[in-house]
Amino acid sequence: MSNTFDFNRFGKLVKYDFFNMLQSGLPFILLSAAALAGIWIISIVAGASSSEAFRFIILCITTYLALIMNTSYLYGKVNLPKRGIPSAMLPASKCEKFWSMMLYSLVVVPACCFAAGLAADTLLYLLPLGGFDTPIWKAFPSSNYNFDTSNVAVRLASAGFIATFVSSLINNHAQFFFTNTIFMHHKIIFTFLALWGIGTAISTIGVPILTMLDIDNSNWIIRWFEGMATSNPDRAYTIM
């Protein structure tokens with residue numbers, strides 16, 4: 001199989017992975033609905049209405065969990081010696097398999113999880129038992145928080161926040177996507193342990209080094225930033 005990208009072959013692979021997504025990704029899609037149903041039951045028992053902001057936060061958390069963990073459920077067998085043979089024998093290139101994995105794990109499953117949560121929230125709101133006064137999708141458009149979108153600074157800040165937020169989500173997804181190809185079993189647990197170990201090691205090594213640095217005598221750092229600000233290459237790269 002050539003390593004080129006063929007749209008016809010990619011379309012067939014996407015259809016094939018769709019059925020795999022229905023089986024392995026369904027628990028994450030139902031997670032949002034189950035979480036909101038639990039909040040609804042607690043609200044009815046407590047005799048109080050749950051706020052739309054709180055339910056929206058829960059929905060975002062469940063969608064985020066689906067984003068970072070679904071790869072291990074959808075494609076957890078691809079690197080196993082025997083159980084990964086069917087995936088390896090698919091008539092598709094590595095490039096097509098990669099983008100199909102990215103499509104479902106990064107876009108389709110999180111989007112379905114979020115949509116299922118909104119649908120469950122609306123359905124529970126329509127039931128004549130109370131618990132939810134207003135559905136999530138109806139509450140936020142009428143928010144009292146108004147922003148001057150004609151202001152250039154506000155638009156740039158909003159665009160920067162969105163770009164940072166999206167890049168952070170993609171980065172977190174990439175970490176679990178990468179470790180899915182390394183670990184053979186218990187991939188989610190081992191990924192969390194690996195991230196914790198790396199963070200601990202960096203802190204253990206980096207903090208003493210930063211503490212030992214003589215910040216007062218590090219004038220070359222200040223001169224470097226001054227040079228960058230004045231766009232003077234001679235000063236920007238003068239460190240002595």
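These are my notebook entries on a predicted model of one protein chain.

**Entry 1. Overall architecture**

I began with the secondary structure, which comes to 10 helices and 0 strands. Read from the N terminus, the order of elements is α-α-α-α-α-α-α-α-α-α. I then looked up burial and found that 28% of the 240 residues count as buried. The chain exposes about 15,800 Å², and carbon and sulfur atoms supply 72% of that area. Turning to contacts with a separation of 6 or more, I noted that 74% of them join residues 24 or more positions apart.

**Entry 2. Confidence**

I checked the pLDDT before reading any detail. The chain averages 76, and 75% of the residues score at least 70. Helix H5 has the highest confidence, with a mean of 87, whereas helix H10 (residues 233–236) has the lowest, with a mean of 47. Over residues 234–240 the pLDDT is below 50, yet this stretch has 14 contacts in the model beyond near neighbours in sequence. Where pLDDT is low, predicted coordinates should not be read in detail. I therefore leave the contacts of residues 234–240, where the pLDDT is below 50, without further reading.

**Entry 3. The nonpolar cores**

I looked up the largest nonpolar core and found 19 residues in it, with Met21, Leu74, Tyr104 and Val109 touching the most other members. Two or more residues each come from helix H1 (7–24), helix H2 (26–46), helix H3 (52–74), helix H5 (94–126) and helix H7 (152–180). H5 gives the largest share, 6 residues.

I followed Met21 further. With neighbours within four places in sequence left aside, Met21 is in contact with Leu26, Ile29, Leu74, Tyr104, Val108 and Val109. A second core, separate from the one above, has 5 residues, including Leu36, Ile39, Leu124 and Phe132.

I also checked the surroundings of Ile39. Its C-alpha lies 9.6 Å from that of Phe54, 15 residues apart in sequence. Phe54 belongs to helix H3. I recorded Phe54 as partly exposed, because its relative accessibility is 41%.

**Entry 4. Salt bridges**

How many salt bridges does the model contain? I counted 2.

In one of them, the side chains of Glu96 and Arg9 meet at 2.8 Å, N to O. Glu96 lies in helix H5 and Arg9 in helix H1, so this pair ties together parts that are 87 residues apart in sequence. I list Glu96 as buried because its relative accessibility is 0%, and the cut-off for that class is under 20%.

The side chains of Asp121 and Arg55 also form a salt bridge, again with an N to O distance of 2.8 Å. Asp121 is in helix H5 and Arg55 in helix H3, so distant parts of the chain, 66 residues apart, are linked. Is this pair buried or exposed? I found both Asp121 and Arg55 to be buried.

**Entry 5. A nonpolar surface patch**

I next looked for nonpolar side chains on the surface. Phe5, Phe7, Phe98 and Trp99 form a patch there, with about 450 Å² of accessible area together. I followed one of these residues, Phe98, which lies in helix H5. Phe98 counts as partly exposed because its relative accessibility is 35%.

**Entry 6. Ile188 and its contacts**

I turned to helix H8 (residues 187–212), in which Ile188 lies. Why does Ile188 count as buried? The reason is its relative accessibility of 16%, which falls below the 20% cut-off.

Which residues does Ile188 touch, not counting those up to four places away in sequence? I listed Met69, Ser72, Tyr73 and Phe176. I also looked up Gly76, 112 residues from Ile188 along the chain, and found their C-alpha atoms separated by 10.0 Å.

**Entry 7. Backbone at His186**

I examined the loop between H7 and H8, where His186 is found. Most residues other than glycine have a negative phi. His186 is not a glycine, but its phi is positive, at about 50°. I class His186 as exposed because its relative accessible area is 57%.

**Entry 8. Recurring element**

I close by returning to H5. Helix H5 gives the largest share of the largest core, contains Glu96 of the bridge to Arg9, and contains Asp121 of the bridge to Arg55. Phe98 of the surface patch lies in this helix too. I note again that H5 has the highest confidence, a mean of 87.

How values were computed: Residues numbered from 1 in each chain as written. Predicted model: local features only at pLDDT ≥ 70, side-chain atom pairs only at ≥ 80, totals over all residues. Heavy atoms only, no water. Core = buried A, V, L, I, M, F, W, Y, C linked by side-chain atoms within 4.5 Å. Buried < 20%, exposed > 50% of the residue type's maximum accessible area, 1.4 Å probe, protein only. Helix = DSSP H or I, 4+ residues; strand = E, 2+ residues; numbered from the N terminus. Contact = heavy atoms within 4.5 Å. Patch = residues over 30% accessible without salt bridge, like charges linked within 9 Å, V, L, I, M, F, W, Y side chains within 5 Å. Areas by Shrake-Rupley, 256 points an atom, 1.4 Å probe, with all protein chains shown as cover. Salt bridge = Lys/Arg side-chain N within 4 Å of Asp/Glu carboxyl O. pLDDT = per-residue confidence, 0-100.
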